[in-house]
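User: I'm new to this one. Can you take me through it, starting with how the strands are defined?

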Amino acid sequence: MALDYRKCAEEIYSHLGGRENIVQAAHCATRLRLVLADNSKIDKKALEDVEGVKGLFESNGQVQLIIGTGTVNKVYDEFLAVTGMTAATKDDVKAAAAAQQPAWKRALKSVGDVFVPILPAIVASGLMMGVVEALGKAMPNFANTDWYAFLDMVANTAFAFLPVIVAISAARVFGGNVFLAAVIGLMMVHTGLLNGWNVGSADAINSFFGIETGVIPTWNLFGTFKIGTYVVGSISRHGYQGHVIPVMIAVWFMCKIEKWLHKHVPEMIDLFVVPITTVFCTALLTFVVIGPIFAALENYVLKGAQWLVQFPPGAMIMGAIYPATVVMGLHHMYNVIEAGMLSSVGLNTWMPIASAANFAQFGACLAVGLKCKQAKLKTVAVPSSMSAALGITEPAIFGVNFRFMKPFVCGMIGGACGSLFGAIVKIGATAYGVTGIPGYLTINNYGLYTILLLISGGIAFILTWITWKEEVPEPTAEEIQKKEAAEKAEEPAEEVKKPAGMADRLASKKDEDAEMKIYAPIKGNAISYEEIPDETFASGVLGAGIGIEPEEGVVYAPYDGEISSTTETKHAIGITGAGDMELLIHVGVDTVNMKGDGFELFVAEGDQVKKGQKLITFDIEKIKAAGYSPTTAVLLTNSDDYEDFKVVKTGAVNVGDEVMDA
C-alpha cells in the first residue's frame with residue numbers, strides 16, 4: 001500500500017511541540033529539514049516511528065527526517081498544508097538554524113567555513129615546513145644548500161601568503177567578490193611593507209627602511225592630528241604575514257561594503273564605482289583601524305609574556321593562552337623574547353612553553369582524528385596532528401580544534417600543565433624557531449623534554465577523548481539499520497511478512513511488459529554502495545545500489561520513466577520506472593552545499609524521459625575544487641520491495657551498461 005502522505009505529515013507535525021515551535025521547513029532530495037525554536041520539545045522516538053520516516057538526526061541546529069526521494073517532496077507539500085506554513089529554501093532553513101545558535105557558535109562556524117576549504121594547502125605546507133626545519137637543524141651544512149633554500153620556499157609559501165588564501169575563502173563564505181578579497185589579502189602582505197614576522201626585530205627594521213632608530217615608520221594620512229596619543233590616520237608600514245583574524249574581519253567588512261554599494265549604485269556605473277570604492281574603503285579601514293588594534297594587541301601580549309615567563313605560574317598561563325595568540329596571529333612576536341633570552345643568558349626558556357602548547361594541540365587533534373567516525377574529518381585531523389607534532393599548529397587549530405572548541409580548550413589545559421613542568425625543571429633551548437619533535441635538536445635535556453611532551457600531549461589527548469563528542473552531520477544510519485535488523489531477527493520466522501505493497505510489485509515484475517533493469521547513467525567506475533564516502537548512502541538506509549566515480553560530467557536516464565523529484569541545487573534527481581522502481585541519482589557527496597554552482601538540470605518534475613536522455617551536467621573539477629567527492633550515488637530507494645534485486649556489474653561502466661536488476 002502506498003504511503004499516505006497526508007497522514008505522515010500530520011503525524012510528524014503532532015510530535016514537533018506545536019506550531020509555535022516550528023520556525024522553518026524545507027526539503028532536499030531525501031530529507032525534510034526543520035528548524036525549531038526548541039529541539040527539546042520534540043518527541044524523537046515517536047518521530048522515528050512515523051510510517052515513512054526512515055531516520056532522524058540533528059545537524060547545525062536543524063532536525064532532519066530521512067524520508068526518501070520521490071516521497072519527501074509529497075510529504076513536504078502536505079506538511080505545509082497541515083501547518084499553514086509557506087515554502088522555504090534550504091538556504092532559508094540554514095539561515096534560520098544559524099540564527100538560533102549563540103553568537104560565539106556562529107563565529108566559530110564562520111572560522112571553520114573559511115578554513116575547511118584551504119586545509120589541504122596549509123596541512124601540506126605545515127608538514128613540509130616541519131620536516132625542512134628539522135633537517136636544517138639536524139644537518140647545518142644542508143641548511144646552506146640550494147636544495148634547502150628551494151624546499152624552504154616551497155614549504156612556507158602557503159604561510160607567507162596565508163592572508164591571501166584566507167581572504168579568498170572568506171569572501172566565498174561572506175558572499176563577496178573573491179578577486180577583490182584577493183587584492184585586500186595581497187595588500188596585507190605587500191612587498192612595500194616590512195614583513196610581519198620581523199616587526200620585533202630592530203635590525204630587520206633598520207635594514208628594510210634604511211634607518212637607524214629601530215622604529216617602524218608610519219604614513220600619516222591626515223597629518224599629525226591627534227586624539228590623545230593616537231595620530232589619526234597613522235599607518236604602521238608593516239605587513240600582516242601569519243595573521244588570520246584581521247584578514248577575516250577586513251573581508252567581512254569588504255563584503256558588507258560591496259553588497260551595500262551594489263544595492264545603491266546605478267547599474268550603468270556599477271562596474272566602475274563598486275570595485276574601486278570597495279577596495280579603497282576596505283584598505284583604509286584595514287590599515288587605519290583594524291591594523292592598529294592588532295598592533296596594540298601584539299605589544300600588550302609581548303610585554304605580558306616577557307613578564308609572565310619569569311616564574312612558573314606565569315609560564316603556566318602563557319602555555320594556556322599561547323594557542324589563542326596563534327588564532328589572532330600574534331604569536332610571531334615571541335621571537336623577540338627568545339632572541340632576547342639567548343643574547344642575555346644564553347638559554348631560551350620560552351621554547352619549552354611554546355613546545356608544550358603546540359604539542360598539546362597535537363594531542364587534542366590526534367584524539368579527534370582517532371575518535372571520529374567521519375572519514376572526511378579523519379583525513380584532515382590525523383595529518384594536521386602530525387603537522388602540530390612538528391611545530392606547525394595552524395592546520396590542527398583552524399582545521400579541527402578551534403572549529404570544535406572543546407579540543408582547543410583541552411589543548412590549552414595540556415599546554416598549561418606541560419609549561420608549568422618545563423618552568424619548574426628549568427629546561428631550555430640553545431636556539432629558537434623550532435618546537436615539538438624538532439625541538440630535540442636544540443633542547444638542553446632530552447629526558448625532561450620528553451616528559452614535558454608526554455604531559456602536555458597526553459593530558460590534551462585524554463581530556464579530548466573524554467569530553468569531545470562527534471556531532472555527526474549525517475544521520476546515524478548504521479544504528480538505524482542495525483536496530484531494524486535486530487528487530488527482524490527477534491520476530492518468529494513464520495511471522496515475518498513482506499512489506500506492504502510487495503505482492504503488487506512482484507506481480508508487476510512478472511509482467512512481461514515491465515523490464516526491471518537499471519542501466520548506468522554515468523560513465524565511470526562503479527563501486528558498491530557501501531563504498532560511497534557518505535555514511536547515509538553507505539548504510540543502505542536510502543536503498544541498495546551502486547556508486548559511480550565519474551569520468552564524464554553527464555547524467556543520462558537509466559531507464560524509461562518519470563521524473564519524480566528534482567532539487568533546487570540541481571545535484572540530485574529521482575526517477576520512477578517500471579514496477580514502481582524509485583531510483584535516486586545523487587551527484588557527489590555534500591554537493592548540496594555548492595548551491596547549484598557547476599550543475600545544469602535539463603528536466604523538470606513530472607517529465608517523461610527515455611533511457612539515454614540527458615538529465616544533468618556537472619563539473620567534476622569544480623566539485624573537487626570545492627572539497628567534495630564527485631562519487632555519484634545510484635540507489636534504488638525501495639530495493640527492499642524486490643526480493644530478486646541484485647547488482648549485476650561493478651568496475652568500469654559505460655552509459656547504458658546494465659548495472660542492476662530488480
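Analyst: Two strands pair if DSSP finds at least two bridges between them. Strands (E, at least two residues) and helices (H or I, at least four) are DSSP runs, numbered from the N terminus. The model is predicted: local features need pLDDT of at least 70, side-chain atom pairs count only at pLDDT 80 or more, and totals for chains, interfaces and linings use all residues. Residues are numbered from 1 along each chain as its sequence is written, and side-chain values use heavy atoms, with hydrogens and water left out.

User: OK. Which residue of S19 is the bridge partner of Ile 585?

Analyst: Val 634 is the partner of Ile 585. The two strands, S15 and S19 (residues 632–636), are antiparallel and share four bridges.

User: How many bridges are there between S14 and S15?

Analyst: Five, again in the antiparallel sense. One of the pairs puts Ala 572 opposite His 586 of S15. S14 and S15 make a hairpin with five residues between the strands, where Gly 579 has a positive phi near 65°.

User: How many residues of S15 are buried?

Analyst: Four of its five residues, so S15 is mostly covered. Buried means under 20% relative accessible area, exposed means over 50%, and partly exposed is in between (1.4 Å probe, protein chains only).

User: Which residue other than glycine has a positive phi near 55°?

Analyst: That is Lys 595. Most residues other than glycine have a negative phi. Lys 595 sits in the loop between S15 (582–586) and S16 (599–601). With 54% relative accessible area, Lys 595 is exposed.

User: And what about the phi of Lys 570?

Analyst: Lys 570 is not a glycine either, and its phi is positive, about 65°. Its loop runs between S13 (561–566) and S14 (572–576). Lys 570 counts as partly exposed because its relative accessibility is 32%.

User: Changing topic. In what order do the three strands of the open sheet come?

Analyst: The order is S9-S22-S20, with antiparallel pairing. S9 and S20 are the edge strands, each pairing on one side only.

User: How many bridges are there between S9 and S22?

Analyst: Three bridges join S9 (residues 517–519) to S22 (residues 658–661). In one of these pairs, Tyr 519 has Glu 658 of S22 as its partner. S20 (residues 646–647) is joined to S22 by two bridges. There, Val 647 is matched with Met 660 of S22.

User: Now helices. How far apart are the end C-alpha atoms of H11?

Analyst: They are 29 Å apart. The expected span is 1.5 Å times one less than the number of residues. For the 20 residues of H11 (residues 245–264) that gives 28 Å, so the two values agree.

User: Which residues of H11 are buried?

Analyst: Among them are Ile 245, Val 247, Met 248, Cys 255 and Leu 261. Glu 258 is also one of the buried residues of H11.

User: Is Ala 389 buried or exposed?

Analyst: Buried, because its relative accessibility is 4%. Ala 389 belongs to H16 (residues 375–389).

User: What is Ala 389 in contact with, leaving aside neighbours within four places in sequence?

Analyst: Phe 359, Phe 362, Thr 435, Gly 436, Ile 437 and Pro 438. Contact means heavy atoms within 4.5 Å. Phe 362 is 27 residues from Ala 389 in sequence, yet their C-alpha atoms are 5.5 Å apart.

User: Which residues form a nonpolar patch on the surface?

Analyst: Trp 147, Phe 150, Met 153 and Val 154, with about 430 Å² of accessible area together. Accessible areas come from the Shrake-Rupley method with a 1.4 Å probe, and for residues only the protein chains shown count as cover. Patch residues have over 30% relative accessible area and no salt bridge; like charges are joined within 9 Å, nonpolar side chains (Val, Leu, Ile, Met, Phe, Trp, Tyr) within 5 Å. A salt bridge is a side-chain nitrogen of Lys or Arg within 4 Å of a carboxyl oxygen of Asp or Glu. Phe 150 lies in H7 (residues 146–160) and is partly exposed at 43%.

User: Last one: how many helices and strands are in the protein?

Analyst: It has 23 helices and 22 strands. Of its 662 residues, 50% count as buried. The protein exposes about 29700 Å², and carbon and sulfur atoms supply 59% of that area. Among contacts with a separation of 6 or more, 71% are between residues 24 or more positions apart.
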